[in-house]
Amino acid sequence: MNQTDDLATKIERQLKEESRIGGLMDHDAGAGLLNPYAQTKVGSDTIFAWFARYQNAKAEGRDAVNGTIGALLEDDGTLAINTVVDEAIRQAPPVEIAAYAPLTGLPAFLDLAKTLALGERRTELESMGIAMTATASAGGSGALYLAATNFANRGDHVILRDRHWGPYKGFLAGCDLKPRTYPLLPKEASPYPFVDIQGFKSELSNLCAKQDKVMIWINDPAHNPTGLTLTPDGRMAMLEAVMESASVNEKVGHTLLLDLAYHLYAEEPHGWAETIHDAMSNGWPWPENLLITFALSLSKSHTMYGLRTGAIVSIHPDQAVTDRIATVMGVTGRQTWSAAPRVSQFTVSEMHASHETGAAWSNERDRLKELLTDRRTALIDCCEQLGVPLNPTHDGFFAWLDHEQPHDIAEACAQQDVYLVPLTGGVRIGLCAIPLAQIPKVASALRDALQ
Ligand SMILES: Cc1ncc(COP(=O)(O)O)c(C=O)c1O
C-alpha cells in the first residue's frame with residue numbers, strides 16, 4: 001500500500017467512525033459544558049467526505065479520478081515530496097529536533113521568511129526605508145490566526161473575495177469576526193480581468209464608514225480554490241485602492257493581508273513585492289495607517305505539510321510599528337502554540353543559506369511545479385475543445401468551475417467516477433491530485449455533467 005492509500009485509509013476509517021458517532025450523537029450533548037461558540041462547531045469536512053467517496057470507488061476496482069485533496073501528488077498517486085527538504089530534515093542534529101525554538105522563531109528562519117515573502121525586492125524595499133518583522137507560526141494557518149486575532153476589532157467584518165478557502169470563515173469566527181465579500185471576477189469588461197476592483201472599493205468604503213480598523217485578506221498569487229492570479233495592473237489597482245482609502249480615512253487602520261500559501265509555485269511568486277516597489281518608486285506616500293502583512297506557509301512550497309511551519313511577515317515604514325507588531329505576535333504565539341517547530345525552521349534556514357542546496361531545492365520545486373503546469377494546460381485545452389466554461393486559472397494547486405448547483409455537478413461527475421469537491425459557488429478541481437493522463441476524463445465528465 002502506498003503512502004497516499006495509507007493516509008486515505010486512515011481518513012476513511014476516521015470518517016466512518018465520525019459518521020457512526022454522528023448517528024448516535026445527541027447534538028445537545030455537552031451543552032452545559034461547551035460555551036455557545038463551541039456549540040456552533042460541527043464536524044464533517046466536505047473535502048474529506050468526497051475523498052472518501054473516491055477511495056470507495058477505487059476499492060471497488062473502478063478507474064476513479066481523485067480531484068479532491070489539496071496536496072500535490074505525483075502522477076502515480078503518491079504524495080509528491082521535495083527530496084532535498086526530506087534529506088536535509090533527516091540530517092538535522094538531534095538537538096535541533098529535540099529543543100524548543102525561540103518563542104518568535106529562529107533568527108535565521110525569520111530572516112529567510114522575509115526573503116521568501118518578498119523575493120529579490122526585499123533589500124530594495126529595506127533601503128527605501130521599509131521596516132519589516134517576521135514571527136514564526138504553526139503553518140500558514142497560524143499566521144492567519146495571528147492576523148485575525150490582532151489586526152481586527154472583535155465583532156467587525158473582514159473583506160474577502162466571494163470565492164475563498166473555506167477555513168477562513170472559521171479563523172474569523174473564532175475571533176468573533178465576520179466575512180464581507182465582493183465578487184471574484186468583474187461582471188463587465190474591465191482593464192483588470194481578474195479582480196472586481198469596483199466591488200472591492202465599494203466594500204472598502206462601506207466598512208471604512210463603520211469600523212476604525214479594516215482588514216482585507218487576499219490569497220494571491222495561485223488562489224485556492226480557483227488557481228487565479230492577479231495581473232500586475234490588477235495588483236496595482238488593488239494596492240492603489242487600499243492606499244487611497246487609507247489616505248482619505250486617516251482614522252481607519254488598514255491591513256492588507258496577502259495569503260502566500262501557494263506563491264512559490266506561481267509564475268510570478270513575488271509579484272506583490274514588485275507592485276509595492278513600483279508604487280514606492282513612483283512616489284506613492286505610504287500612509288501610516290496602512291500595514292501590509294504576508295501569511296507565509298512552507299507546507300506546500302517545501303512539502304512540509306505536517307511540520308506546521310510558516311510565518312507572518314509585516315512591513316511598514318515606521319520601525320516602531322513593526323517592533324510593536326513583533327512583540328504582539330510573539331506574545332500571541334506564546335499564548336497559543338508556545339513556539340513553532342524548530343527542526344523545520346533550522347533545516348530550511350540552513351538549506352537556503354547554501355547556494356548549492358538552495359538551488360537543489362529550487363530544481364525539485366520546479367519539477368513539482370511542472371506537474372501542475374502540464375495538468376493545468378491540458379485541462380484548459382480539453383475544456384476549450386469540449387466547451388466547458390472553466391474559470392480563468394493560472395497557477396497553483398486548483399482549477400474551478402463556477403456553478404449555481406455545485407453539488408449536482410459534482411454528483412454527476414462522480415457518476416462517471418470523477419471525484420471533485422462542490423463548494424460555495426462552484427466545483428473545485430484538484431489539479432494537484434489528478435494524474436496528467438486522467439485530465440481528459442475530467443473535462444469530459446464536466447461536459448457531460450453540464451448537459
Ligand atoms: C489558501 C490557503 N491559505 C492558507 C493555508 C494554510 O496552510 P498551512 O496551515 O497548511 O500552512 C492553506 C492550506 O491549505 C490554503 O489553502
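I began with Pro221, which I found in the loop between strand 5 (213-218) and helix 11 (232-248). The model I am reading is a predicted one. I checked the bond that leads into this proline: the peptide bond from Asp220 to Pro221 is cis, and its omega is near 0°.

I stayed in that loop. Pro225 also sits between strand 5 and helix 11. I looked up its link to Asn224 and found a cis peptide bond there too, with omega at about 20°. I noted for myself that most peptide bonds are trans, and that most residues other than glycine have a negative phi.

With that in mind I looked at phi. Asp176 is not a glycine, yet its phi is positive, at about 55°. I placed Asp176 in the loop that runs between helix 9 (167-174) and strand 4 (178-182).

Next I turned to the ligand. I counted 14 residues around the ligand, and those that come nearest are Ser141, Asp259, Tyr262, Ser299 and Lys300. I sorted the shell by type and got four nonpolar residues, seven polar ones and three charged ones. I then asked which helix gives the most to this shell. Helix 8, residues 139-151, does so, with four residues.

I looked up individual atom pairs at the ligand. For Asp259, a polar side-chain atom lies 2.6 Å from a ligand nitrogen atom. For Ser297, I read 2.7 Å between a polar side-chain atom and an oxygen atom of the ligand. For Arg308, an N or O atom of the side chain is 2.7 Å from a ligand oxygen atom. I then checked how much of the ligand is covered: taken alone it exposes 390 Å², and the protein buries 91% of that.

I moved on to the domains. The domain assignment gives domain 1 as 3-30 + 44-83 + 361-450, and domain 2 as 101-353. I noted that domain 1 is written in three pieces of sequence, and domain 2 in one. Taken over C-alpha atoms, the centres of domain 1 and domain 2 are 27 Å apart. In the contact between them I found 28 residues from domain 1 and 23 residues from domain 2.

Last, I checked confidence. The mean pLDDT of the protein is 94, and 94% of its residues reach 70 or more. I then asked where pLDDT stays under 50. The stretch is residues 14-24, and for these the model has four contacts beyond four places in sequence. I marked residues 14-24 in my notes as a stretch with pLDDT under 50.

Definitions and conventions: Residues are numbered from 1 along each chain as its sequence is written. This is a predicted model: local features need pLDDT of at least 70, side-chain atom pairs count only at pLDDT 80 or more; totals for chains, interfaces and linings use all residues. Side-chain values use heavy atoms; hydrogens and water are left out. A residue is near a molecule or strand if one of its heavy atoms lies within 4 Å of it. A polar contact is a pair of N or O atoms within 3.5 Å; within protein, one must be able to donate a hydrogen and the other to accept it, and residues adjacent in sequence count only if both atoms are side-chain atoms. Accessible areas come from the Shrake-Rupley method with a 1.4 Å probe; for residues, only the protein chains shown count as cover. Helices (H or I, at least four residues) and strands (E, at least two) are DSSP runs, numbered from the N terminus. Ala, Val, Leu, Ile, Met, Phe, Trp, Tyr, Cys and Pro count as nonpolar, Asp, Glu, Lys and Arg as charged, and the others, Gly among them, as polar. pLDDT is the predictor's confidence in each residue, from 0 to 100. Contact means heavy atoms within 4.5 Å. Domain bounds come from an automatic or database domain assignment.
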